[in-house]
Amino acid sequence: MTEGICEAITEAMPPWRPLLRAAMQQEGRSVAARWVQLATTGRDGAPRVRTLVFRGWVGADQLELFSDQRSEKVMELANDGASELCWLFPKARQQYRLRGKVKLITATEQPELYQPVLAKVLQYRTGRLGVAQPGRSAGPHGGVPRSTSTG
């Protein structure tokens, strides 16, 4: 199951948004330009940083990110929600750091947000594997090192 993570910053169009859009355009079709690093505080109080994929905008000032609900990150965000996001654009030579509270939205809360995402996942799996295999992934679920995975 996938969790949506939206980070709210402000209500109005923030002044950094056009600058960020220009940096994204400069990156072209680079897949890495969609990767963002999200820093949170672990349940033990230690910092945690993870890479997520930017999926789009929700309004003028919120980013839409997706994460596996089985990951520790989701549990950490459910506790407090405080986070900082770092987004690097190598070709543009720019870095953006956004701080705020993360709002977790589950597929059961808003299934209409997830239907297009789930359809794309199944389409990808069908194309890659020849047959859709829900529940199968190429690696272990979040939080499990690859070397200890049995799948």
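**Exercise 1. The nonpolar core**

Find which residues have the most contacts inside the largest nonpolar core of this predicted model, and which helix or strands supply at least two residues of that core.

*Solution.* We begin with the core itself, which has 19 residues, and within it the most contacts belong to Leu20, Val36, Phe54, Leu85, Trp87 and Phe89. Next we ask where the core comes from: at least two residues each are supplied by helix 1 (16–27), strand 2 (35–41), strand 3 (47–58), strand 4 (62–68), strand 5 (82–89) and strand 6 (94–105). Of these contributors, helix 1 gives the most, with 4 residues. Finally we look at Leu20, which, once its neighbours within four places in sequence are left aside, is in contact with Trp57, Trp87, Phe89 and Tyr96.

**Exercise 2. A pocket and its lining**

Describe the second largest pocket by its space and by the classes of its lining residues.

*Solution.* The first step is the volume, and here the second largest pocket holds about 160 Å³ of space. The second step is to list the lining, which is made up of Met24, Glu27, Gly28, Arg29, Ser30, Val31, Ala33, Arg34, Trp35 and Val53. Sorting this lining by class then gives 5 nonpolar, 2 polar and 3 charged residues.

**Exercise 3. Arg93**

Decide whether Arg93 is buried or exposed, and say where it is placed.

*Solution.* We first locate Arg93 in the loop between strand 5 and strand 6. Its relative accessibility is 78%, and because exposed means over 50%, Arg93 counts as exposed. As a last step we check the backbone, where phi of Arg93 is near 55 degrees, a positive value in a residue other than glycine.

How values were computed. Residues numbered from 1 in each chain as written. Predicted model: local features only at pLDDT ≥ 70, side-chain atom pairs only at ≥ 80, totals over all residues. Heavy atoms only, no water. Core = buried A, V, L, I, M, F, W, Y, C linked by side-chain atoms within 4.5 Å. Buried < 20%, exposed > 50% of the residue type's maximum accessible area, 1.4 Å probe, protein only. Contact = heavy atoms within 4.5 Å. 1 Å grid on protein atoms, 1.4 Å probe; cavity = no way out; pocket = protein on both sides within 12 Å on 5 of 7 lines; lining within 4 Å. Points joined across faces, edges and corners; volume = space filled by probe spheres on them. Nonpolar A, V, L, I, M, F, W, Y, C, P; charged D, E, K, R; others polar.
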